[in-house]
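Me: I would like to take a close look at a single part of this protein, going slowly. Please keep the explanation connected from one step to the next.

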Amino acid sequence: MTSTRWLSPDEQQVWRAYLEATQRLWEQLARELDEAGDLPLAEYEVLVRLSEAPDLRMRMSELADALSHSRSRLTHTVARMQQRGLVTRVPSVDDGRGVLAAVTPLGLDALREHADVHVGGVREHLFDQMDAEETAVLGRVLDRVSAHLRDVRGTAAERRARLSG
């Protein structure tokens with residue numbers, strides 16, 4: 001039987017601060033975009049990723065991974081966006097089975113229209129709250145955590161067994 005590795009009081013405080021800050025930041029950025037027009041934050045993020053992709057398109061599976069969304073969730077989001085003319089779905093010319101999401105000119109217009117609000121909010125609510133050193137440290141930590149989580153394999157029980165084995 002394994003024993004729980006409880007968080008220290010300092011770790012518990014950091015964990016709770018992280019949860020609160022990320023939740024409040026996401027809610028604030030979403031609220032600001034909602035006030036600026038009809039573009040939810042999840043859709044804005046889809047447009048950003050597509051606008052940065054070669055040929056303004058990505059495989060749906062790669063887009064889901066890049067956004068840390070389930071494929072089902074992304075499919076529903078893209079379907080709503082497609083109905084509004086912000087994106088389109090096209091078959092992959094590489095294998096014929098895959099589907100690509102592509103940003104439309106209307107989607108690029110929506111992205112440009114909302115960029116000042118979103119980027120301004122990220123700057124005000126996140127980066128203006130840190131100095132350059134803190135920004136660099138946060139970036140390194142989040143990169144390391146993201147890399148770890150991308151590499152995690154198996155269930156929690158399987159991982160514990162490997163670590164104790």
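In which helix is the place of Glu32, and what surrounds this residue?

Reply: This is a predicted model, and in it Glu32 has its place in helix 1, which covers residues 9–36. Although Glu32 is buried, it has no salt bridge, and the nearest side chain of opposite charge, that of Arg31, is 6.7 Å away. A salt bridge is counted within 4 Å, so the 6.7 Å to Arg31 does not qualify. What Glu32 does have is a polar contact of 2.6 Å, which joins its side chain to that of His125. If its neighbours within four places in sequence are left aside, Glu32 is in contact with Val117, Gly121 and His125, so that His125 appears both in this list and as the partner in the polar contact.

The helix that holds Glu32, helix 1, also has a part in the nonpolar interior. The largest nonpolar core has 26 residues, and those with the most contacts inside it are Val46, Leu47, Leu50, Leu63 and Leu74. Helix 1 supplies at least two residues of this core, as do helix 2 (41–52), helix 3 (60–67), helix 4 (71–83), strand 3 (99–103) and helix 5 (105–125). The largest share, six residues, comes from helix 2. To take one of the core residues with the most contacts, Val46, it is in contact with Leu63, Leu67, Leu74, Thr77 and Met81, once its neighbours within four places in sequence are left aside.

How values were computed:
Residues are numbered from 1 along each chain as its sequence is written. This is a predicted model: local features need pLDDT of at least 70, side-chain atom pairs count only at pLDDT 80 or more; totals for chains, interfaces and linings use all residues. Side-chain values use heavy atoms; hydrogens and water are left out. Helices (H or I, at least four residues) and strands (E, at least two) are DSSP runs, numbered from the N terminus. Buried means under 20% relative accessible area, exposed over 50%, partly exposed in between (1.4 Å probe, protein chains only). Lys and Arg count as positive and Asp and Glu as negative; His and the chain ends are not counted. A polar contact is a pair of N or O atoms within 3.5 Å; within protein, one must be able to donate a hydrogen and the other to accept it, and residues adjacent in sequence count only if both atoms are side-chain atoms. Contact means heavy atoms within 4.5 Å. A nonpolar core is a set of buried Ala, Val, Leu, Ile, Met, Phe, Trp, Tyr and Cys residues joined through side-chain atoms within 4.5 Å.
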